[in-house]
Amino acid sequence: MVSSIETRQSQGVGESVLRPDGTLKVTGEFAYSSDLYLADMIWGVTLRSPHPSAWIRSIDIGPALAMPGVLAVLTHEDVPGEKFYGLEHRDQPVLAVDQVRYQGEPVALVAADHPERARRAAEAIVVEYEPREAVTDPRRAAFDASCPTVHDHGNVLRHQPVRVGSDFEAPVVVTGEYEVGMQDQAFLGPESGLAVPAEDGGVDLFVATQWLHVDRGQIAPCLGLPEEKVRLSLAGVGGAFGAREDLSMQVHACMLALRTGRPVKIVYNREESFFGHVHRHPAWMRYEHGATPEGRLLYVKAEILLDGGAYCSSSPAVVGNAASLGVGPYEVDNIWIDAYGVYTNNPPCGAMRGFGAVQACFAYESQMDRLAEACGISPVEVRIRNAVSQGSRLATGQVIDSPAPLAGMLRELAAMPLPAAAGSDLLDMPGGVSQTTHGEGVRRGVGYGVGIKNICFSEGFDDYSTARVRVELLGGEPHVLVHTAAAEVGQGLVTIQEQIARTELGIDQVTVAQADTAVGSAGSSSASRQSYVTGGAVKAACEAVRKRLDDLRADGSTLVEALERAGAVEETREYRHRPTFPMDPVTGQGDSHTQLALCVHRAVVDVDVELGLVKVVELAAVQDVGKVLNPLALEGQIHGGSAQGLGLALMEEIQVVDGRVLNPSFTDYLIPTVLDMPPMRVSILENPDPHAPYGLRGAGEPPTLSSTPAVVAAVRAATGLPLSRVPIRPHDIALSG
């Protein structure tokens, strides 16, 4: 049936619609979670362990309680419900019970009438620790039977093999060992929120998070409350990138609010933020590729070891991604992969943009460059000869059943013009404004990188989103209200929901309600899934509303007349993508992913080989997104993902020695600035996925994968050095030279 409501394209799907929160964020008027305020609120502070591993022999809170302005001091004995929580396994204590497993683990809480009083009171708590041997080498944790266990159930939290074929001989063999350092999400808005006790004995929590319902599912049992008495609302989020999937201050603020009967605000400072969230898993990888003399892959062997730190978080999913995508987007008949995630007493690691796939991508792309050299062919050609396409099988046996034009993407990338040679302007040299060189010792390099990333949740997870759409007259004009629990973390999801509603209903005036737990779950703002799943839910709810409106207008009445008679028209719908299945625990086989996305990068760098300084001159990218929903926002995602990949390649690393973090500040943890990011050439392809709403393909994560190996390959080309670890440090270049 043709709808009597004309769909609109202006300000709808496919247009570069401006963000409703954009002006406020640019002018500094946007309210982030750290800006929350109530007149009678008090402040919470967390006391954290200075040791990576120790027994707790005693805690004396008396000195803190005796201080003026202190309203509460809590330890694990004050947890009203379950003492443990966790994203996948409930192995993490709300407050340390009898031991601490990482530096920075929460031990006690303080509430006071001023943040400085709360901080001083926390410092006055006397904790007697008995330090013990810390397990900090993940290789020892995984493979040495004499290694102490971080948890009673052992140090290996997941081992995922992949076994395909049996022929592991080839005329050309290249091997390599690779390492990826611990990267931080480095969002600008530190963890923060406001918990308000309610008259019904429950609590209302306003918090920056990525996953409201899973937060509530962990918080409520710890508070000893039913979920309906724990109500979460999304506060302004200052970036996330995976780090807000896990709990940080949520349970702590609620405990203090319920104990004191006052609203409690907790805001981490920058140093505490480094201890208060998970990071990207550092990885150690050993790869062996066998091929014909022409460069066609015959087999791949890989061992991938991921350090999960002290608690589980999302490490099992990270291991699954690394294993299933461990050979990259290449056709190969014989595969032997062992991927491990292990517990250590290092900082906990979990979700970060592209998790699991990022680490593996650096290794397999480095191997493809080695294979190209061994076969005497170009890095682009070796990738084209082995590229997957629609109908190819992944390492898991899953058939790629939607467009995957990788060979064409590589050809388009290679055909893009290269930037001009460096001029005489000193600011364009490596070192930039520091003017460390006048061009002597500067060499140019070009490198390529390819990445494949799963989109949405995988391995049988019930991945869905819920949307409620309401149409009514406001001021005599039709208005649409869209309500989901999907977290806007900066990616532009609010804008996309508005665009979908306008497209499906043909009504200009659209408002997206604050995300909260008053509507069904939308899942996490991660895995590049929200446009797919929440977009699908909003589209389905709009379609249901449109059908009802069509029925109301069957008599030829206008939309306004129909709404005057009927009042509001509201529908709620859930949207699920097609089912996925767990990887077989022995062979790794199974249709574990619902969608896959490809991105390819070319990097051009200038390297001062004497000083070890690198300037990225240009990044070029080709990405297939299925369908462009918002061109400007999409281009921003590709630029942003590329920046994080560049950061991992050249500068970003949490320095951990013997379980202790050495650089918990933006003074010493370096992230790319606008001066570090080069001009970008971006080509966006639209090959619709027939299984997805509008044919879209999640786009936020893939650029993070392929940009890192492209930058490193370019530095290798300029220096001739093997460079098997990221980030590359200046002394890796200068001292080797």
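This is a walk through a predicted model, taking in a sheet, a helix that packs on it, some aromatic rings and the cysteines.

Let's start with the sheet. It is an open one of four strands, in the order 18-23-24-27, and its pairing is mixed. At the edges stand strand 18, residues 442–455, and strand 27, residues 680–685; each has a single partner strand, so one side of each is left without a neighbour in the sheet. From one strand to the next, the twist averages 15°. As a reminder, strands of a sheet pair through backbone hydrogen bonds, and they can do so in a parallel or an antiparallel way.

Both kinds of pairing can be followed here. Strand 18 and strand 23 run antiparallel and are joined by 14 bridges. To find your place in this pair, look for Asn 454, which stands opposite Leu 596 in strand 23. Towards the other edge, strand 24 (residues 613–624) pairs with strand 27 in the parallel sense, over six bridges. A handy landmark there is Asp 624, which stands opposite Leu 685 in strand 27.

Next, bring helix 16 into view. This helix spans residues 702–719 and packs on the sheet, where it touches strand 18, strand 23 (595–608) and strand 24. The direction of helix 16 makes about 155° with that of strand 18. Is strand 18, as an edge strand, mostly buried or exposed? Ten of its 14 residues are buried, so strand 18 is largely enclosed by the rest of the structure.

From here, turn to helix 9, residues 357–375, where you will find Ser 366. With a relative accessibility of 3%, Ser 366 counts as buried. Which residues does Ser 366 touch, once its neighbours within four places in sequence are left aside? Its contacts are Tyr 178 and Arg 716.

Now for the aromatic rings. Across the whole structure, a search finds 13 aromatic pairs. One example is Phe 457 with Phe 461: the ring centres are 5.0 Å apart and the planes are at 75°, so this pair is edge-to-face. The two partners sit in unlike surroundings: Phe 457 is buried, with 13% relative accessible area, whereas Phe 461 counts as partly exposed, at 42%. Elsewhere, ring pairs link Phe 168, Tyr 299 and Trp 336 into a cluster.

Rings also take part in arrangements with charged side chains. The charged end of Lys 25 sits over the ring of Phe 30, at 4.7 Å from the ring centre. In the case of Lys 539, the charged end sits over the ring of Tyr 694, and here the distance to the centre is 5.3 Å.

Finally, consider the cysteines. A disulfide is a covalent bond between the sulfur atoms of two cysteines. How many disulfides does the structure hold? The count is zero. Take Cys 147, which is in no disulfide: its nearest cysteine sulfur belongs to Cys 349 and is 17 Å away. Cys 147 counts as buried, at 7% relative accessibility. Why is Cys 599 not bonded to Cys 361? The closest cysteine sulfur to that of Cys 599 is the one in Cys 361, and at 9.6 Å it is too far for a bond. Cys 599 also counts as buried, with a relative accessibility of 0%.

Technical notes. Residues are numbered from 1 along each chain as its sequence is written. This is a predicted model: local features need pLDDT of at least 70, side-chain atom pairs count only at pLDDT 80 or more; totals for chains, interfaces and linings use all residues. Side-chain values use heavy atoms; hydrogens and water are left out. Rings of Phe, Tyr and Trp (its six-membered ring) pair if their centres lie within 6.5 Å; planes under 30 degrees apart count as stacked, over 60 as edge-to-face and the rest as tilted. Buried means under 20% relative accessible area, exposed over 50%, partly exposed in between (1.4 Å probe, protein chains only). A charge sits over a ring if NZ of Lys or CZ of Arg is within 6 Å of the ring centre and within 35 degrees of the ring normal. Two strands pair if DSSP finds at least two bridges between them. Helices (H or I, at least four residues) and strands (E, at least two) are DSSP runs, numbered from the N terminus. Axes are lines fitted to C-alpha atoms, for helices over the stretch in contact, and angles run from 0 to 180 degrees between N-to-C directions. Contact means heavy atoms within 4.5 Å. A disulfide is a pair of cysteine sulfur atoms within 2.5 Å.
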